[in-house]
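Let's take a friendly walk through this model. Please keep the viewer open as you read.

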Amino acid sequence: MRILIVEDEKSLAEIIKKGLEEEGYAVDVAYDGEEGLFMAENQPADLIILDIMLPVIDGMTILKKIRKAGIKTPVLMLTAKDTVMDKVSGLDTGADDYLTKPFSFEELLARIRALLRRSSDIKASTIEIDDLMINMATHEVMRGGKQIMLSPKEYSLLEYMALNKNKVLSRTDLIEHIYDENSDFDSNVIDVFINRLRNKIDREFDKKLIHTVRGAGYILKE
């Protein structure tokens with residue numbers, strides 16, 4: 001999944017970015033409100049982590065503008081303030097959740113997972129598709145009771161397809177949601193990772209879960 005961080009405290013932004021990348025997320029970072037608004041409006045993201053106190057354009061204004069533009073991406077607000085009115089104002093403007101600084105990275109991860117589930121049809125931390133089980137908290141993947149070992153990028157691809165199960169996803173969709181803007185990759189990289197997933201997820205089973213939709217992309221379905 002692809003996350004946009006809009007945070008002017010560069011040390012904090014880099015710590016969050018590094019931690020999220022270690023968890024398999026693709027991460028873009030903006031260090032001021034103007035850049036953050038441009039990226040939120042023009043680049044795909046599955047979730048936005050948005051600080052309130054930003055230079056140039058503040059976080060609340062960014063939130064108002066993207067909601068007015070019809071952008072429904074889940075937004076997790078970061079703030080050094082902890083008053084009821086601050087939270088009410090943010091939630092009324094269109095924020096999906098709030099996290100007050102300082103916070104633990106584990107709590108941030110939990111909030112992210114909850115928001116990503118909320119924006120999909122998945123409501124639990126474990127996704128089940130037939131006999132395939134994906135634990136989004138631990139990144140453990142099992143099929144038919146057998147543990148399957150995946151690389152971080154393989155897991156990211158599988159998780160995104162699982163959160164969008166029964167939906168046809170184009171190669172562009174998949175690239176945009178598992179790579180950040182600075183990634184360098186070949187045009188056939190998605191086909192390579194799909195083949196790897198098929199070898200690990202489907203090869204030993206009669207029922208195949210990953211399907212090609214000719215001319216459209218791929219779909220993960222029961």
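In which strand does D51 lie? D51 belongs to strand β3, residues 47-51; here strands (E, at least two residues) and helices (H or I, at least four) are DSSP runs, numbered from the N terminus. Before going further, note that this is a predicted model, in which local features need pLDDT of at least 70, side-chain atom pairs count only at pLDDT 80 or more, and totals for chains, interfaces and linings use all residues. Residues are numbered from 1 along each chain as its sequence is written, and side-chain values use heavy atoms, with hydrogens and water left out.

**The annotated aspartate**

An unreviewed UniProt entry carries the annotation "modified residue: 4-aspartylphosphate", which covers D51. UniProt positions follow the numbering used here, feature names are shortened, and annotations may be inferred rather than shown by experiment. D51 counts as buried because its relative accessibility is 3%; buried means under 20% relative accessible area, exposed over 50%, and partly exposed in between, with a 1.4 Å probe and protein chains only. Which residues touch D51, neighbours within four places in sequence aside? They are V6, E7, D8, G59, L78, T79 and K101, where contact means heavy atoms within 4.5 Å.

K101 also takes part in a cis peptide bond, which joins K101 to P102 with an omega of about -10°. P102 is in the loop between β5 (97-100) and α5 (105-118).

**Backbone angles**

Most residues other than glycine have a negative phi, and most peptide bonds are trans. Two loop residues have a positive phi without being glycine: V56, at about 75°, and D130, near 60°. V56 lies between β3 and α3 (59-68), and it is exposed because its relative accessible area is 62%. D130 sits in the loop between β6 (126-129) and β7 (132-135); its relative accessibility of 34% is why D130 counts as partly exposed.

**Charges over rings**

A charge sits over a ring if NZ of Lys or CZ of Arg is within 6 Å of the ring centre and within 35 degrees of the ring normal. The table gives two such cases.

| Charged residue | Ring | Distance to ring centre |
|---|---|---|
| K10 | Y31 | 5.0 Å |
| R143 | F205 | 4.2 Å |

K10 lies in helix α1, residues 10-22. K10 counts as exposed because its relative accessibility is 53%. The C-alpha atoms of K10 and M60 are 19 Å apart, with the two positions 50 residues apart along the chain.

How many aromatic pairs does a search of the whole structure find? The search finds zero; rings of Phe, Tyr and Trp (its six-membered ring) would pair if their centres lay within 6.5 Å, with planes under 30 degrees apart counted as stacked, over 60 as edge-to-face and the rest as tilted.

**Around L132 and α7**

R143 appears again among the contacts of L132, which, leaving aside neighbours within four places in sequence, also include I127, V141, M142, L158, I201 and L209. L132 is found in strand β7, and L132 is buried because its relative accessible area is 1%. From L132 to E159, 27 residues away in sequence, the C-alpha distance is 11 Å.

Which residues of α7 are buried? They are L174, I175, H177 and I178. The buried residues of α7 pack against β1 (2-6), β2 (26-30), α6 (152-163), α8 and β11 (217-220). Between α7 (171-178) and α8 (189-201), the loop holds N188, which is partly exposed because its relative accessible area is 39%.

**An enclosed space**

The structure holds one cavity of 30 Å³ or more. On a 1 Å grid over the protein atoms alone, a cavity is a set of points where a 1.4 Å probe fits but cannot get out, and lining residues have an atom within 4 Å of a point. Grid points are joined across faces, edges and corners, and a volume is the space filled by probe spheres set on the points. The largest cavity has a volume of about 40 Å³. Its lining consists of M1, E23, G24, Y25, H139, Y155, S156 and E159.

Conventions:
1 Å grid on protein atoms, 1.4 Å probe; cavity = no way out; pocket = protein on both sides within 12 Å on 5 of 7 lines; lining within 4 Å.
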